[in-house]
Every structure is written in structure tokens, then in C-alpha cells.
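Reader: I should be grateful for a close look at a single part of this structure. Please set that part in the context of the chain as a whole, and present the account as one connected description.

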Amino acid sequence: MIQASAYLNSQLRDLSVHSEYERRLRVLIEHCRRNLPSVDEERIRRAFQVAYWAHRDDRRASGELYISHPLEVALIAARDIRFDDTTVIAALLHDTVEDTDLSLGLIESEFGAEVANITDGVTKIDQVFSTRALGRAENVRKLMLSMASDIRVILVKFADRLHNMRTLDSLPHEKQLKIAADTLDLFAPLAHRFGLHEVKSELEDLSLKYLESDAYKAIADGLKAKRRQRERFVEGFINPIRRELDEAGFEFEIYGRPKSIYSIFRKMRKQEKELDEIYDLFAIRVILHSEGKKGREDCWRVYSILTDLYQPLPERFRDFISVAKSNGYQSLHTTVIGSEGKPVEIQIRTAEMHEIAERGVAAHWKYKDEMGGPSGDGAPVVDTSGRDARVDAMYEWVRDLLENPRANDADEFVKEFQLNLYDEEIYVFTPRGDLMTLPRGATPVDFAFQIHTQVGFNCIGAKVNNKMVPLSYVLTSGDQVEVLTSKKQSPNPDWMKFVVTHKARSRIRHWINEKRRNAVDAGRETLERKMRRAKVEIDEQLINRASSRLKFPTSQQLFYEIGAGLYDADEFVRFIKRGAEKEAEEEAASADSTARLEIEQFAADAQEIGKTALIIDGEKHTDMAVKYAPCCNPIPGDDVFGYISKTGSIKIHRVTCKNAPNLLLDHAERIIPVEWSRQKDVHFVAALRIVGEDRVGIVSDITTVISKSLKTNIRSITVESEDGLFEGTLVIFVSDLKQLRRIIQRLARLDGIYGVYRFEE
Ligand code: MN
């Protein structure tokens with residue numbers, strides 16, 4: 001460390017700081033002196049120099065020296081957040097560890113553990129945001145809190161985000177949209193929870209400027225055009241109040257304050273009104289310079305004077321003094337009728353309440369101190385861990401506030417999010433950076449259908465922020481989504497379980513119905529053809545009777561199953577041909593009993609060798625024919641069961657076979673337990689589908705994996721590639737499931753492979 005410090009000293013000795021930045025540093029220090037409880041000017045200077053030196057080769061997207069960013073972030077910390085000088089120092093250094101070769105150790109030896117800890121926290125939060133492994137704003141809050149052992153981490157993060165939003169113009173459009181969506185979705189509500197009203201308002205307005213640039217401009221221009229008129233109205237409204245309050249001997253300020261563009265925008269959207277139709281474009285604020293209990297009483301006295309002057313709207317009255325908002329906000333709100341019948345909102349509060357309203361958490365502690373909080377006289381109290389006790393206590397306060405919203409705030413707490421215009425919608429991006437709005441809960445499949453129905457039909461996988469995700473993945477604002485398609489893919493009925501958009505739902509349902517109709521038609525055609533060939537009269541009634549005998553709920557279902565390849569039309573023809581159903585039944589019953597006898601015999605044999613289940617290994621085992629069902633191609637190791645067919649043979653199905661539920665439900669008496677023999681030297685066919693990036697050498701990589709695997713042979717391999725996506729079908733011989741799993745794992749680990757799926761048929 002000492003060595004490192006010496007190195008830094010030698011570097012800083014020759015540092016020449018551009019005069020422009022010297023000037024801005026002086027401005028920063030001036031704001032620190034004015035706003036912070038104590039200011040170690042030397043440390044701030046030193047932090048500035050270290051940051052200046054560390055970022056000496058970096059530029060911002062705008063082209064100016066990078067140092068201007070940390071300098072502005074520090075200025076926001078000193079001017080708007082106003083917590084302490086450690087926050088300012090950490091703000092100056094916040095990007096050094098991530099972006100330069102300055103180490104955390106060096107920061108610690110230069111500025112102490114606190115500054116290092118805050119810098120580290122900011123870096124970590126940045127990393128979390130860049131990976132976007134996040135859910136809703138609520139989770140993010142908790143996550144940020146858990147990461148930020150020091151609340152100042154979050155304060156620096158707010159300042160950082162605010163400056164990035166202020167300078168968003170120099171970034172490419174798609175990046176602007178992404179950052180703005182993130183800001184509106186996460187940082188603004190979070191700042192609100194911390195009571196940082198000013199920061200929150202500015203973040204919202206700036207986000208809107210990019211996300212809804214036309215609406216933003218229309219409102220901003222509209223406000224500007226009517227400014228004179230508004231100011232005259234405010235003056236006329238305020239004058240009588242000012243006279244009365246002066247007469248009553250209050251010390252106070254009163255002014256009209258324009259509402260934020262974002263809040264006006266929201267009101268317009270919510271009430272479906274034009275700007276001209278929104279009256280309360282501003283609020284009147286009365287700030288009283290009296291404190292404590294007297295201050296609270298004065299607020300009520302002012303309220304009573306006001307409502308003598310103007311007619312109040314009782315339903316708009318709110319008392320946030322007796323019951324503060326969950327973020328500490330206190331004020332009386334009332335709306336009265338001004339001239340021309342216009343409603344005017346008035347906020348009444350003391351200076352102390354006002355500071356908490358504007359700066360929340362940071363101001364809150366100042367008053368806690370004065371009221372004799374844990375840090376007593378306001379001087380930093382150093383606890384055993386060496387940390388400023390007020391930071392710890394404030395952290396506790398915030399955590400409490402975020403984790404345990406008081407019961408009477410619960411409603412407001414929930415509403416705050418429900419009211420958010422964007423809460424029901426998310427913004428995501430195409431790979432080219434086009435913005436797309438989707439309802440919350442939307443998945444890559446919804447996204448795919450939004451692009452084009454065919455893309456939806458063919459989607460086989462998705463990448464979110466360049467990482468493969470399941471199709472059921474829930475997207476969040478700011479995600480960049482890329483859909484992978486394959487011509488072979490068709491909609492999966494399971495998708496209905498997770499898609500949320502109307503478009504995706506209706507298209508998938510339509511497709512399923514269509515497919516079913518086609519199968520019914522094809523099945524009927526097949527059956528009729530086979531009946532003609534077998535010289536059986538095509539009689540609708542006969543078909544109906546026979547199909548109900550065979551436990552099909554309707555003949556449509558019979559056609560469907562034939563058409564979908566689930567049921568063999570020949571079997572049906574044979575069944576009819578055998579004549580009377582009764583006769584056929586007897587035949588089936590006798591086949592049953594023959595089979596049963598054989599099974600019993602077999603079971604007895606098996607018992608002798610200590611097994612109760614049928615032992616199979618792929619060979620003919622007894623006199624009975626054991627067949628492996630072609631619908632699911634079982635191989636040793638699969639969970640299987642045996643099904644005694646009407647002809648007396650035993651078909652082995654996988655438990656996961658799509659026909660299994662029907663067989664198990666309708667013919668439970670025909671099911672027998674089956675076990676695989678431990679014998680090894682038999683080979684089974686397994687088919688795999690491999691999807692991945694189409695890259696040079698991928699086929700040889702796949703075949704190498706197979707050939708290196710003992711006792712595995714490739715029967716066939718087909719490969720198709722399109723749009724950079726590779727899709728292979730691989731049929732291999734394996735000896736058991738364990739081996740197949742191993743091969744799947746190895747294939748899946750290959751570079752650029754998105755998925756390896758075993759498939760049937
Ligand atoms: Mn930064």
C-alpha cells in the first residue's frame with residue numbers, strides 16, 4: 001500500500017489540471033461549504049486529483065474529458081442531495097475502479113475504508129444493472145439495499161444516474177431509450193422511496209423526454225407559451241393570502257410552482273385530456289418558518305385562513321402531517337376554487353417538512369440530529385466498527401421504510417406503483433434497437449408474434465441481452481430480445497400456458513384448431529380409403545358405434561387420432577371387419593386372457609429369479625413378443641411400462657410417452673411393470689435435435705463427441721442452417737440412458753450450442 005501511495009504521489013506531482021476544471025472544482029467546494037455539515041477541503045481536492053489522473057485518457061460520448069462526469073456527479077451530491085463530504089468524495093471516485101486501472105486497495109489507503117466501500121458498492125450495482133438479471137422495481141430496491149451496506153452507495157448511484165440522464169443526448173438513440181426506460185422503471189420510483197423528490201422529478205421528466213419525445217415537447221412548449229398568463233393568475237391568487245398571513249404575523253414564503261411535465265403527461269393520459277383542459281398545471285406552496293409543535297399548529301391555522309378566502313373541495317383534502325407518507329413526506333394538501341372557477345392545489349408545510357419533502361433521506365437525518373437522534377449533537381459519532389453512526393442509523397431507517405411500510409401507508413405504497421403509467425407495460429428492444437412496447441409478463445414468444453406471426457410460429461429459442469433464455473422467460477424493461485427461428489418449428493400448445501398478448505394467444509389457438517381440423521379431415525380420409533380397400537361399407541352409424549365401443553368419446557376424436565398418427569386405422573378396420581362388436585369383444589377378451597396367462601406365467605418365472613417385473617433388454621425375452629413402442633422409442637434406463645395389446649404382445653412405452661395417459665387411464669388392467677435387464681451389450685436408437693450457432697467446425701465437433709463416447713455409433717446425421725442458426729438431427733446407437741445423458745451433456749457444452757433435445761419418432 002505504501003508503495004502504491006508513493007507511486008500515486010509521484011504521478012500527481014506532475015499533474016496539470018486544465019483551468020476549466022480547476023474552476024469547476026472551486027464551484028463544487030463552494031457548494032460543499034454551503035450545504036454540508038463539515039467539509040474536508042483537502043480530501044475533496046485530493047479525490048478530484050486522483051480521479052482526474054485516473055481518467056486522464058478517458059472521454060465521454062460527448063467528447064469532453066471524462067472527469068467532467070464524476071465532477072458533475074459530485075456536484076449533484078453536494079448541491080441536491082447534500083449528505084456529507086464522504087459522499088462527495090466517493091462521487092468523484094465512483095467510476096475509477098470500473099473504468100481505470102486504479103485499484104480499490106489504493107482508494108482505501110488514500111481515502112479510507114468508507115470511501116473504498118462506497119466506490120465498491122457503486123461498481124457492483126453497475127454490474128448488476130448491466131447484466132439485467134432483475135425483476136420488478138420492488139426486488140431491485142431490496143437488492144440494492146442488500147448490496148449497499150452504506151446508504152451513501154445509493155445516494156451516489158442516484159447522482160450518477162441523474163447526470164447520465166442529463167447528458168443522454170450524446171448517446172445513440174436506442175441506448176437513450178434503453179437507459180430512459182430503466183430510469184423510469186427503476187430509478188425514479190426508487191428515488192421516490194428515498195424521499196428524493198427533486199431527483200425523482202427530474203429523472204421522470206428526462207425519461208419522458210426520450211421515451212415520449214413528441215408528448216414531452218408538446219407539453220413543454222405549451223407550458224412555455226402560457227407562462228405569462230399563468231404567472232398573472234398565480235399573482236392574483238396569492239396576493240390576498242399573503243395579506244392575510246402577514247396580518248396574522250406569520251413568517252412564511254408563498255409561491256406558485258409548476259408541476260412536472262411527467263405528472264402533467266400522466267394526468268393527460270389518465271383523464272384522456274388535452275393540455276388546455278388540465279387546470280392544475282401548478283401548485284401553490286406555503287412554507288412556514290416556525291418549528292416543532294408550533295409549526296404543525298401553524299399549518300392548520302394557515303389552512304383555516306386559506307379556506308376562509310377560497311372555497312375548498314373537501315374531497316381533495318389530505319392531511320400528511322398527522323400521518324406522514326411512508327417516505328417521511330409531511331404536508332397539508334388542499335384544493336380550492338380560484339377565480340374563473342379553476343381548481344388550485346395548495347400545499348402547506350414548515351421549512352423542516354419542506355426540506356424532507358425535497359431531499360428526503362438526506363434531510364431527514366439532519367432533523368433527527370437536532371431532535372436528539374443517535375448522533376446527539378450532530379457531530380459524527382464513531383462506533384466500534386469505525387463507521388459514522390448516523391450512516392448506520394439512517395441505513396436502518398431506510399431499510400425499515402422499504403421493508404415495512406406502515407399499515408396505513410400500505411395502500412399508498414401499492415398505488416404508487418399501480419399508478420405508474422409504465423407499470424403495466426415494458427419497453428424492450430429488437431437487436432437493431434427498435435423499441436417495442438409489451439404488457440408486463442410478456443415472454444419471447446409474445447415478442448416473436450409481435451414482430452410477425454410467422455416469426456412466432458417458427459420461434460425455437462430466444463436470446464435476451466445475448467444470453468439464451470427459455471421461451472417462457474419473463475421480459476423486463478430494457479431487455480434486448482433476439483428470436484431464433486427454425487422453419488421446422490411449429491407452435492407448441494404449451495406456449496398457451498405463458499403467453500400474455502392477445503395476438504400470441506389467438507394465433508396459437510387458431511393454429512392448434514387448424515391443425516386439429518386438418519388431422520380430423522386427414523384421418524377420415526385415411527380411414528375411408530382403408531375401409532374401401534378392405535371392402536367394408538362406409539356407414540357413418542357403424543363407424544360411430546364402433547368408435548364408441550373402442551372408447552373414443554366421438555368419431556371426430558377417432559378421425560383426429562388416426563390423422564395425428566396416434567391410432568392405427570387398420571386396427572379400426574380389422575375391428576369392424578370382425579363383424580359384430582360383441583364377437584370382436586369376445587375375441588379381444590380371449591386375447592386378453594391368453595396374454596394374461598402368459599404374463600402370469602412370466603411373472604412366476606420372474607419371481608424365481610427374484611424379480612416381479614417383466615425384465616426386458618430389447619431382445620425377444622419369452623415366447624411373448626416384446627416390442628418397443630415406435631411412438632416413444634424407449635431405451636434402457638428410461639422409466640417404462642408394458643402394455644399388453646389386444647393381440648397379446650407387450651409394447652414397452654416410456655412413462656413420458658404422449659400415449660401413456662390414455663393407456664394408463666383407459667386400460668389400467670393391461671399395464672404391467674417392466675424393468676430393464678442389467679445386460680449391457682445391446683444398442684438402442686435415440687434421436688437428438690441440436691440447435692446452435694452456425695459456425696465453422698460445429699459438425700465435426702459433434703461427431704467427435706459421439707465417436708469419443710464408448711459404444712456409441714451414429715446412424716444418421718442431418719444438418720440444416722439458416723440465418724446463422726444451425727439445426728441438426730442426430731440418430732445414434734447407445735447402450736442405455738446414462739450414456740445418452742452423458743452424450744447430451746457433452747454436446748450441450750460445445751461452443752455455440754443452444755440446446756440439445758431428445759425427441760421421439
Ligand atoms: Mn458514472
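Author: Among contacts in the chain between residues at least 6 apart in sequence, 67% join residues at least 24 apart. The model is a predicted one, and its chain comprises 30 helices and 20 strands. Of the 761 residues, 49% count as buried.

The part chosen for closer inspection is the metal site. The manganese ion has as its protein donors His69 and His94, each through NE2, together with Asp95 and Asp160, each through OD. These donors lie 2.2 to 2.3 Å from the ion. Along the sequence, the spacing of the donor residues follows the pattern H-x24-H-D-x64-D. One pair of donors illustrates how the site links distant parts of the chain: His69 belongs to helix α4 (residues 68–81), whereas Asp95 sits in the loop between α5 (85–93) and α6 (96–99), and the two are 26 residues apart. Both His69 and Asp95 are buried.

From that loop the description may pass to helix α5, which packs with helix α10 (residues 152–166) at an angle of about 55°, their axes being 10 Å apart. The two helices, α5 and α10, are therefore oblique to each other. The crossing in which α5 passes α10 is right-handed. On the α5 side, Thr86, Thr87, Ala90 and Ala91 take part in the contact, and they meet Arg152, Leu155 and Val156 of α10. Sorted by class, this contact of α5 with α10 contains four nonpolar residues, two polar residues and one charged residue.

A further helix pair may be set beside this one. Helix α11 (residues 173–193) packs with helix α12 (residues 197–211) at an angle of about 155°, and their axes are 9 Å apart. Because angles over 145 degrees count as roughly antiparallel, that value makes α11 roughly antiparallel to α12. Here α11 passes α12 in a left-handed crossing. The residues that α11 brings to the contact are Gln176, Leu177, Ala180, Ala181, Thr183, Leu184, Phe187, Ala188, Ala191 and His192. Facing them in α12 are Val199, Lys200, Leu203, Glu204, Ser207, Tyr210 and Leu211. By class, the contact of α11 with α12 has 11 nonpolar, four polar and two charged residues.

Key: Residues are numbered from 1 along each chain as its sequence is written. This is a predicted model: local features need pLDDT of at least 70, side-chain atom pairs count only at pLDDT 80 or more; totals for chains, interfaces and linings use all residues. Side-chain values use heavy atoms; hydrogens and water are left out. Axes are lines fitted to C-alpha atoms, for helices over the stretch in contact, and angles run from 0 to 180 degrees between N-to-C directions. Helices (H or I, at least four residues) and strands (E, at least two) are DSSP runs, numbered from the N terminus. Angles under 35 degrees count as roughly parallel, over 145 as roughly antiparallel, 65 to 115 as roughly perpendicular and the rest as oblique. A crossing is left-handed if the near helix is turned anticlockwise from the far one by less than a right angle, and right-handed if clockwise. Contact means heavy atoms within 4.5 Å. Ala, Val, Leu, Ile, Met, Phe, Trp, Tyr, Cys and Pro count as nonpolar, Asp, Glu, Lys and Arg as charged, and the others, Gly among them, as polar. Donors are N, O and S atoms within 2.8 Å of the metal (3.2 Å for Na, K and Ca); water is not among the atoms, so sites may look incomplete. Buried means under 20% relative accessible area, exposed over 50%, partly exposed in between (1.4 Å probe, protein chains only).
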